[in-house]
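Good morning, colleagues. I should like to take you through one structure, moving from a helix to the strands and then to the core.

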Amino acid sequence: MITFEIDDISEMNAELFRFINYLEGSGVNADAVFDSRLVSCELITNVIRHCGCSALFSGMLTDGEITITVRASSPTGEISVPDLPEVLAESGRGLYIVNALSGGNVKIKGGNVTVKISANK
């Protein structure tokens, strides 16, 4: 399992590098690695931009499934996965993309957003 806390988007790629290396070193399909990176970036960015605090990340590979969990260090408000947002909407696109990439496998509970992606895409 890879875990980290990040409070600045400019540090995101460096922190995610360990997670991506972990997935690649475990033989995860390149498409699943790409989707995992995109999902991670969307979730981390959402926390930093919309909650105004650091993001707590954990990612692991178990039984052919990648599990990514992100939460705000200081959760605020309710989180929900929106239906298809309007093209010019100011918010909602990130979680919509995450939901689409994971085939709807997004769980929100207790401030955690957990996404599961097949490692064998």
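**Helices, strands and core**

Let me begin with a single residue: setting aside residues up to four places away in sequence, Thr-45 touches Ile-9 and Met-12. Thr-45 belongs to helix α2, and it is buried because its relative accessible area is 13%, under the 20% limit. Please bear in mind throughout that this is a predicted model.

One of those two contacts, Met-12, takes us to helix α1, which covers residues 12-25. With 14 residues, α1 reaches 20 Å from its first C-alpha to its last, close to the 20 Å expected at 1.5 Å a residue. There is nevertheless a bend of about 25° in α1, located at Arg-18. Which residues of α1 are buried? They are Met-12, Leu-16, Phe-19, Ile-20 and Leu-23. As for their surroundings, the buried residues of α1 pack against β1 (2-6), α2 (30-51), β2 (55-62) and β3 (65-72). After α1 comes Gly-27, with a positive phi near 80°.

I return now to helix α2, where Ser-40 is also placed. Is Ser-40 buried or exposed? Its relative accessibility is 0%, so Ser-40 counts as buried. A polar atom of the Ser-40 side chain lies 2.8 Å from the backbone oxygen of Ser-36. Apart from neighbours within four places in sequence, Ser-40 is in contact with Leu-16, Phe-19, Phe-57 and Ile-68. Two of these, Leu-16 and Phe-19, are among the buried residues of α1 already listed.

Next, the strands. β3 pairs with strand β5, residues 112-118, in the antiparallel sense, over seven bridges. Within this pairing, Thr-69 stands opposite Thr-114 in β5. On the β4 side, strand β4, residues 106-109, runs antiparallel to β5 and is joined to it by four bridges. Here Thr-114 of β5 appears again, as the bridge partner of Lys-107. The hairpin of β4 and β5 has two residues between the strands, and Gly-110 takes a positive phi there, near 60°.

Strand β5 also holds Val-113. That residue counts as buried because its relative accessibility is 6%. How far apart in space are Val-113 and Ile-68, C-alpha to C-alpha? The distance is 8.1 Å, although 45 residues separate Val-113 and Ile-68 in sequence.

Finally, I turn to the core. The largest nonpolar core has 31 residues, of which Phe-19, Leu-43, Ile-44, Ile-66 and Ile-68 touch the most other members. At least two residues of this core come from each of β1, α1, α2, β2, β3, α3 (93-101) and β5. Which element supplies the largest share? It is α2, with eight residues.

Ile-66 illustrates how many parts of the chain can meet at one position. Leaving out neighbours within four places in sequence, its contacts include Phe-19, Leu-23, Val-28, Ala-32 and Ser-36. Met-60 and Leu-61 are also among the contacts of Ile-66, as are Val-115, Lys-116, Ile-117, Ser-118 and Ala-119.

To close, Phe-19 links several of these points: Phe-19 is buried in α1, is in contact with Ser-40 and with Ile-66, and is one of the core residues that touch the most other members. Thank you for your attention.

Methods: Residues numbered from 1 in each chain as written. Predicted model: local features only at pLDDT ≥ 70, side-chain atom pairs only at ≥ 80, totals over all residues. Heavy atoms only, no water. Expected span 1.5 Å × (residues − 1). Bend = angle between axes of the 7 residues up to and from the residue. Buried < 20%, exposed > 50% of the residue type's maximum accessible area, 1.4 Å probe, protein only. Contact = heavy atoms within 4.5 Å. Pairing = 2+ DSSP bridges. Polar contact = N/O pair within 3.5 Å; in protein donor to acceptor, adjacent residues only side chain to side chain. Core = buried A, V, L, I, M, F, W, Y, C linked by side-chain atoms within 4.5 Å.
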